[in-house]
Amino acid sequence: MAEIRSPGSLMEECRQYDAQLSELRMLLDERLHAARAELALAGEPHEVAPPVARVRPSAEAVRRASRDVAAIEAAIERMDLGLYGTCTKCEAFLPLDRLRSAPHMQLCAACAGETRMSA
C-alpha cells in the first residue's frame, strides 16, 4: 500500500527537487558557456570569440566541444520538456550524483555499457 504523506512534506520534497533542478540547470549553463567559448576560440560560428587571444584548440578539442554543445543543448531541451534525469533508452531515473558529475548525461550506467569492477 502506498504511503500517505502530508501536503507539507510533499511540498518540501517538491522544493528539494526544484532546488536540485536549479543546481543542475546552472551546471548545464556553465558547461554550455565553456564549450561555446572553446568553439569560439577555434573560429566556429557558435559565439563571438572572447577578447583575450589564446592558442587555438586542437581539432580533437573542437570535436569534443561540438559534441558537448549538442549534448548540453539536448539536456536543456529535455529539462524544459520535463524529461531530464531519466535514461533515454530504458527511462530509469539517473542518480543525482551522476547528473552532478555529467549533467548532460542521457543514459544510465547500464544502458551506457558501464561496468564497475568489484574488489
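Analyst: Helices are DSSP runs of H or I with at least four residues, strands are runs of E with at least two, and both are numbered from the N terminus. This is a predicted model, in which local features need pLDDT of at least 70, side-chain atom pairs need 80 or more, and totals for chains, interfaces and linings use all residues. Residues are numbered from 1 along each chain as its sequence is written, and side-chain values use heavy atoms, without hydrogens and water.

User: Which residue forms a salt bridge with Arg15?

Analyst: A salt bridge puts a side-chain nitrogen of Lys or Arg within 4 Å of a carboxyl oxygen of Asp or Glu. Arg15 and its partner both lie in helix H1, three residues apart, about one turn of the helix. The closest N and O atoms are 3.3 Å apart, and the partner is Glu12.

User: Are H1 and H2 roughly parallel or roughly antiparallel to each other?

Analyst: Axes are lines fitted to C-alpha atoms over the stretch in contact, with angles from 0 to 180 degrees between N-to-C directions. The axes of H1 (residues 7-41) and H2 (residues 59-81) come within 9 Å and cross at roughly 150°. Angles under 35 degrees count as roughly parallel, over 145 as roughly antiparallel, 65 to 115 as roughly perpendicular and the rest as oblique. H1 and H2 are therefore roughly antiparallel.
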